[in-house]
Structure formats: structure tokens, C-alpha cells
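Colleague: Could you walk me through this model, please? I would like to hear the reasoning along with the answers.

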Amino acid sequence: MAIYKFRITFEDFDDVVREIDIKSNQTFEDLHKAIHRSTGYNAEKPSSFYVSTDNWLKGDEIAYLPSERKKDRVVLMENSKLSGFIEDPHQKFYYTYNFDRPYDFHVELVKIILDADPNIEYPFLAKSTGEAPKIMEKNSPTAVDPRGAGAAASEFDFLNEMNFVPEDTDELEAMGEMGINEEERDEDEENEEEDEFGDEFSDNDNYDDDSRRDDY
């Protein structure tokens, strides 16, 4: 029985690496669950492997807990043996875990071991480097963005440059409703008043000229 050694890395966290040894006749569901025993994540989340090119372009999808929309268009992990999808000694799979809060992984076959070790229970975690990032949950003070803290922070850089604080929200709304726009309206009204006075004085000047012509 051949053993596949897969190297698994987070797409956005290069320093987190797992290597898992698994029997060739085991399924993608077995690999899926083995990955998350090594990350500490809940494996019972909709996820998919994709047969991949060397450039990580997605091909056929192999799904776990697919949505109703996908059910008729994908094969299921529990029914799919790994050996049925290995066409290259360095076969690659693109893997997305938990479509609600997705993490993307690169899964690459790095070695084929011809004989299983009778003392090992497979799947077997052969190597673990780096701590898997915490899952991003709503309203969690310990949550992290899958792209890294810097990416999350950059979305609000423009507010930081304005020294924005949450208490400024009412003030910003007021500016939008009556602050800046109100000033513009005031300027327009002043210009209109000046035009009215200008017209009035212009009429009076003409009147004076007519009067002087009558005197002469």
C-alpha cells in the first residue's frame, strides 16, 4: 500500500506548514479532517479541494458539505479516493476551508512511499511548523484577518489619517446633512442677495440719469 506525503501551506501564511502522510486508498475527507486535526479548526465546515495546475489554477472540485447549488456539479470527498486524482508525482490541489470564513491552502504531493509503516496509524502528521492563525469570528476580540493584521488595518488607514474615532460618526453625518452643504447654500444665498441689490442700484442709477435729462 503506497503512502502519499502531502505538504500543506496556508496561501497567506507561508511560515505555517504541515506534512501529512496518508494511504493512497484513503479519501479526500480523510485528508480534510487530518489537516484540521493539525490546525485545531472545526472540520465540519463546507470545504473543497480543487485539482490544480502547477500555477494553482483550479480544476475539478471535490467538495465536503456542498451547498444545494453545488451538489449536482461536484464529487464528494467521502466518495473520492486520493489515488483516483493523482496524475503527477508532484500533484497539486488548491484547497479552500470553510466558505463562510475561508482560508485557502496549497496542498502538494511531495513524496510517494511505497510501503506503509505497520506501526503508524494513517493519516499521520509527519511535520508541523508554525501556529495556525485563529479563526476569524464576528465580535471576537482575538480574531485575525486571514490576509494578516496589516491588510485589515489598511482598510481603515484613511480614517486614521483623519484621526477618526467612533464618536465622530454623528458629526460626520451632520456635516453631510447640513454642515458643508449648508455653508454652500449660505454662499449661494449671499450671492443672490448681492445680485438683487446690484439690480436695484442699477435701476436707481438709470432713474437718476433720466431725471437729470428732464431737468435740462
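Modeller: Gladly; what follows goes from the overall fold to salt bridges, the core and one glutamate.

This is a predicted model, in which local features need pLDDT of at least 70 and side-chain atom pairs count only at pLDDT 80 or more, while totals for chains, interfaces and linings use all residues. Residues are numbered from 1 along each chain as its sequence is written, and side-chain values use heavy atoms, with hydrogens and water left out.

Colleague: Let us begin with the fold: what pattern does the protein follow along the sequence?

Modeller: Helices (H or I, at least four residues) and strands (E, at least two) are taken as DSSP runs, numbered from the N terminus. On that basis the protein has four helices and eight strands. Read along the sequence, they give β-β-α-β-β-β-β-β-β-α-α-α.

Colleague: And what share of the residues counts as buried?

Modeller: Here buried means under 20% relative accessible area, exposed over 50%, and partly exposed in between (1.4 Å probe, protein chains only). Among the 216 residues of the protein, the buried share is 32%.

Colleague: Now the charges: which residue forms a salt bridge with Asp 21?

Modeller: A salt bridge is a side-chain nitrogen of Lys or Arg within 4 Å of a carboxyl oxygen of Asp or Glu, and a search of the whole structure finds five. For Asp 21, the closest N and O atoms of the pair are 2.9 Å apart, and the partner is Lys 5. This pair links distant parts of the chain, 16 residues apart, with Asp 21 in strand β2 (residues 17–23) and Lys 5 in strand β1 (residues 3–10). Asp 21 is buried at 7% relative accessibility, and so is its partner, at 14%: Lys 5.

Colleague: Which residues do salt bridges with shared partners join into one network?

Modeller: Lys 33 pairs with Glu 29 at 3.1 Å between the closest N and O atoms, and both lie in helix α1 (residues 28–39), about one turn apart. Lys 33 also pairs with Glu 44, here with 4.0 Å between the closest N and O atoms. Because Lys 33 is in helix α1 and Glu 44 in the loop between α1 and β3 (47–52), that second pair ties together parts 11 residues apart in sequence. The resulting network consists of Glu 29, Lys 33 and Glu 44.

Colleague: Is Glu 44 buried or partly exposed?

Modeller: Within this network, Glu 29 is buried, with a relative accessible area of 18%, whereas Lys 33 has 28% and counts as partly exposed. Glu 44 has 42% relative accessibility, so Glu 44 counts as partly exposed.

Colleague: Turning to the core, which residues touch the most other members?

Modeller: A nonpolar core is a set of buried Ala, Val, Leu, Ile, Met, Phe, Trp, Tyr and Cys residues joined through side-chain atoms within 4.5 Å. Of the 30 residues in the largest one, those touching the most other members are Phe 6, Leu 31, Phe 49 and Phe 93.

Colleague: Glu 61 touches Phe 49, so with which side chain does the Glu 61 side chain make a polar contact?

Modeller: Glu 61 is in strand β4 and counts as buried at 16% relative accessibility. A polar contact is a pair of N or O atoms within 3.5 Å; within protein, one must be able to donate a hydrogen and the other to accept it, and residues adjacent in sequence count only if both atoms are side-chain atoms. At 2.8 Å, the side chain in question belongs to Lys 70.
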